[in-house]
Amino acid sequence: MAASKFQAFWNHPAGPKTIHFWAPTFKWGISIANIADFAKPPEVISYPQQVVVACSGIIWARWGMVITPINWNLSSVNAAMSVTGVCQLTRKIRHDYFSDEKSATASLEG
């Protein structure tokens with residue numbers, strides 16, 4: 001049973017014998033790096049970078065579902081990219097526009 005599932009996975013058109021498997025697999029590094037960036041302060045988050053990560057994730061997650069055969073690895077990595085990009089953008093926007101620290105610092109200086 002396990003051997004036949006492994007053989008089906010191995011011979012799949014988007015399986016490990018093709019670039020359609022390895023490119024999305026290595027792309028997980030972007031999502032992992034973005035998750036690691038949650039430890040960084042919001043001041044260092046880049047709007048352009050996170051917009052590109054989020055939009056690219058949304059576009060390619062959809063594409064992974066439209067192509068034949070459906071590439072679940074491509075769709076899942078890009079869904080993760082879009083989620084982490086949106087979360088980072090939310091952190092940055094909340095810090096830049098809704099932070100009480102900013103107004104408290106300005107009132108102390110003035």
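**Exercise 1. Is Ser 46 buried, partly exposed or exposed, and what is its relative accessible area?**

Solution. The model under study is a predicted one, and the first step is to place the residue, which sits in the loop between α2 and α3. The second step is to take its relative accessible area, 26%, and to set this value against the cut-offs, under 20% for buried and over 50% for exposed. Ser 46 is therefore partly exposed. A third step looks at the surroundings of this serine: a polar atom of its side chain lies 3.3 Å from the backbone nitrogen of Gln 49. As for distances along and across the chain, Ser 46 and Lys 27 are separated by 19 residues in sequence, and their C-alpha atoms are 19 Å apart in space.

**Exercise 2. Determine how the axes of α3 and α4 are oriented to each other, and describe the contact of the two helices.**

Solution. Begin with the residue ranges, which are 47-66 for helix α3 and 72-98 for helix α4. The two axes come within 7 Å, and they cross at roughly 150°. Since angles over 145 degrees count as roughly antiparallel, α3 and α4 are therefore roughly antiparallel to each other. The handedness of this crossing is left-handed. Sorted by class, the residues in the contact of α3 with α4 are 17 nonpolar, ten polar and two charged. The loop between α3 and α4 holds Pro 69, and the peptide bond that leads from Thr 68 to Pro 69 is cis, with an omega near -5°.

**Exercise 3. Carry out the same kind of analysis for α2 and α4, and state the relation of their directions.**

Solution. Helix α2 covers residues 19-36, and its axis and that of α4 come within 9 Å, with a crossing angle of roughly 20°. Angles under 35 degrees count as roughly parallel, and α2 and α4 are therefore roughly parallel to each other. The crossing of α2 and α4 is left-handed. Pairs of residues illustrate the approach in space: Asn 34 and Val 83 are 49 residues apart along the chain, whereas their C-alpha atoms are separated by 10.0 Å. Likewise, Ile 35 and Gly 85 lie 50 residues apart in sequence, with a C-alpha to C-alpha distance of 9.2 Å.

**Exercise 4. For Asn 34 and Ile 35, decide which of the classes buried, partly exposed and exposed applies to each.**

Solution. Asn 34 is a residue of helix α2, and Ile 35 also has its place in helix α2. For Asn 34 the relative accessibility is 4%, so this residue counts as buried. For Ile 35 the value is 49%, and this isoleucine therefore counts as partly exposed, given that the exposed class requires a value over 50%.

**Exercise 5. Compare the reach of α4 with its expected span, and work out the side-chain contacts at its start and at two of its residues.**

Solution. Helix α4 has 27 residues, and from its first C-alpha to its last it reaches 37 Å, which is close to the 39 Å expected at 1.5 Å a residue. At the start of this helix, a side-chain oxygen of Asn 71 comes to within 3.3 Å of the backbone nitrogen of Asn 73.

The next step concerns Ser 76, which is placed in helix α4 and, with 34% relative accessibility, counts as partly exposed. The side chain of Ser 76 reaches the backbone oxygen of Asn 73 at 3.1 Å. Farther along the chain comparison, Ser 76 and Pro 42 are 34 residues apart, and 26 Å separates their C-alpha atoms.

The last step turns to Thr 84, likewise found in helix α4. Its relative accessible area is 7%, so Thr 84 is buried. The side chain of Thr 84 reaches the backbone oxygen of Met 81 at 3.1 Å. As a general point, an α-helix has 3.6 residues a turn, so residues three or four places apart point the same way.

Definitions and conventions: Residues are numbered from 1 along each chain as its sequence is written. This is a predicted model: local features need pLDDT of at least 70, side-chain atom pairs count only at pLDDT 80 or more; totals for chains, interfaces and linings use all residues. Side-chain values use heavy atoms; hydrogens and water are left out. Axes are lines fitted to C-alpha atoms, for helices over the stretch in contact, and angles run from 0 to 180 degrees between N-to-C directions. Helices (H or I, at least four residues) and strands (E, at least two) are DSSP runs, numbered from the N terminus. Angles under 35 degrees count as roughly parallel, over 145 as roughly antiparallel, 65 to 115 as roughly perpendicular and the rest as oblique. A crossing is left-handed if the near helix is turned anticlockwise from the far one by less than a right angle, and right-handed if clockwise. Ala, Val, Leu, Ile, Met, Phe, Trp, Tyr, Cys and Pro count as nonpolar, Asp, Glu, Lys and Arg as charged, and the others, Gly among them, as polar. The expected span of a helix is 1.5 Å times one less than its number of residues. A polar contact is a pair of N or O atoms within 3.5 Å; within protein, one must be able to donate a hydrogen and the other to accept it, and residues adjacent in sequence count only if both atoms are side-chain atoms. Buried means under 20% relative accessible area, exposed over 50%, partly exposed in between (1.4 Å probe, protein chains only).
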